[in-house]
Amino acid sequence: MKEKVENILDEIKSFKAQTQDELEQYRMKFISKKSVIGELFGEMKNIPNEEKKAFGMQINTLKEAAQSKFKALIAGLEQSKDSAADNDHEDLTLPSAGNSLGAVHPLTYVRNEIIRIFERIGFNVSDGPEIEDDWHNFTALNFPENHPAREMQDTFFIEKNPDMLLRTHTSNVQTRLMNSGKPPFRSIMPGRVYRNEAISARAHCVFHQVEGIYVDKEVSFVDLKQTLYHFAKEMFGKDTEVRYRPSYFPFTEPSAEIDISCQICKGDGCQLCKYTGWVEIAGSGMVDPNVLSNCNIDPEEYTGFAFGMGIERIAQLKFRVNDLRLYTENDVRFLKQFRTLH
Ligand code: PHE
């Protein structure tokens, strides 16, 4: 069946139409209801269930190829008519044939926006490994052994070496950065993270975070508040309200969760904000002195703040995407809607 589809595609590609009749032949053969492609759609019912999706996608691509070729053939005929009338002089002012461009993935767009906002206030971007050891992902970050907080993060361990795991947050890059030299550090870390969750509209085993850290002399909670306040206004608009709620993370003390006024109902109450008018966008806090010591930074001399947010979450609030699975399914009908972003 695959071969048949490929043969039709070859035929489409090499088809030439110099006359109106040939164009009509093309239409009958590849576009009309009784075309070979139409027949393929009819065969769908004989395809085993598990192959239906792949086959459907193949013939859809074929159909699109047939249609765009049809447009090109029409344009070609029009042009040759024009140039014949023009005594074979080409019209150089004609617009060129359209190019179908792709779109930026919404998560890429949001990640780039976050980077842009923080870069403008002096943060650089750091990167680190997705396959990480226990020390960088947990121990250095003040997760004591057998502490329940480790369990909260549903970790994927590497079977052959239980000391290795898929990072559960991008905080491992904070450890690596702090361990790499002397402060000041002012950096954000975007990246992919993994948690052992069943895939549903609201949870996924792979998602993206951006974390940030600022360590220097005399960094205070005011710096944390103001930085994230600035971020929220830049990302969601200046009417956005921001609030900080006390929270707990092993690696920060004090810790705060950051909420913004709900982007969907503007604070009136809706399903997304569970009728509270607020939605959570990030976790944050002052870097715990233990974490600084673990990374050979003197907590008497230096202080710092850190924060972390989910890129999917920010994209959900910005674009009202209500199913996380859409981000990874590569469905062009979803992706096409972001064409105007860049
Ligand atoms: N690492 C935390 C998480 O994955 C987020 C966070 C980062 C919180 C830095 C506070 C400070 O949920």
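**Salt bridges, a ligand and two domains**

Start with one pair of side chains: Glu113 and Arg116 form a salt bridge, with their closest N and O atoms 3.0 Å apart. The model is predicted, and every value here is computed from it. Why can these two residues pair up along one helix? Both sit in helix α5, which covers residues 106-120. They are three residues apart there, so about one helical turn separates them. Now look at how much of each residue is covered. Glu113 has a relative accessibility of 18%. The cut-off for buried is under 20%, so Glu113 counts as buried. Arg116 has 37% and counts as partly exposed.

Stay with helix α5, but move on to Arg120. The side chain of Arg120 meets that of Glu234 in a salt bridge, at 3.0 Å from N to O. This pair links distant parts of the chain. Glu234 lies in helix α9 (residues 221-236), while Arg120 lies in helix α5. The two residues are 114 residues apart. Are they buried or exposed? Glu234 is partly exposed, at 38% relative accessibility. Arg120 has a relative accessible area of 57%. Exposed means over 50%, so Arg120 counts as exposed.

Next, turn from helices to strands. Arg243 and Asp259 meet through their side chains in a salt bridge, with 2.9 Å from N to O. Arg243 belongs to strand β7 (residues 242-249) and Asp259 to strand β8 (residues 252-261). The pair therefore ties together parts that are 16 residues apart in sequence. Asp259 is buried, at 3% relative accessibility. Arg243 is partly exposed, at 30%. Which residues join this pair in a network? Arg245 and Glu280 do: salt bridges with shared partners join them with Arg243 and Asp259 into one network. In total, the structure holds 13 salt bridges.

Now find the ligand. Around the ligand are 13 residues. Which of them come nearest? They are His169, Ser171, Arg195, Gln209 and Glu211. By class, the shell divides into four nonpolar, seven polar and two charged residues.

Three contacts are worth tracing atom by atom. Begin with His169: one of its polar side-chain atoms lies 3.1 Å from a nitrogen atom of the ligand. Arg195 approaches an oxygen atom of the ligand instead, and an N or O atom in the Arg195 side chain is 3.1 Å from that oxygen. Finally, the side chain of Glu211 has an N or O atom 2.9 Å from a nitrogen atom of the ligand.

How much of the ligand does the protein bury? Taken alone, the ligand exposes 330 Å², and the protein buries 90% of that. Several strands help to build the shell. The elements that give two or more residues are β6 (206-216), β9 (278-287) and β10 (303-310). Strand β10 gives three residues, the largest share.

Last, step back to the whole chain. The domain assignment gives domain 1, residues 2-84, and domain 2, residues 106-338. Their centres, taken over C-alpha atoms, are separated by 48 Å. Check the ranges against the places visited above. Domain 2 runs from 106 to 338, and helix α5 spans 106-120. Strand β10, with its three shell residues, spans 303-310.

Conventions. Residues are numbered from 1 along each chain as its sequence is written. This is a predicted model: local features need pLDDT of at least 70, side-chain atom pairs count only at pLDDT 80 or more; totals for chains, interfaces and linings use all residues. Side-chain values use heavy atoms; hydrogens and water are left out. A salt bridge is a side-chain nitrogen of Lys or Arg within 4 Å of a carboxyl oxygen of Asp or Glu. Helices (H or I, at least four residues) and strands (E, at least two) are DSSP runs, numbered from the N terminus. Buried means under 20% relative accessible area, exposed over 50%, partly exposed in between (1.4 Å probe, protein chains only). A residue is near a molecule or strand if one of its heavy atoms lies within 4 Å of it. A polar contact is a pair of N or O atoms within 3.5 Å; within protein, one must be able to donate a hydrogen and the other to accept it, and residues adjacent in sequence count only if both atoms are side-chain atoms. Accessible areas come from the Shrake-Rupley method with a 1.4 Å probe; for residues, only the protein chains shown count as cover. Ala, Val, Leu, Ile, Met, Phe, Trp, Tyr, Cys and Pro count as nonpolar, Asp, Glu, Lys and Arg as charged, and the others, Gly among them, as polar. Domain bounds come from an automatic or database domain assignment.
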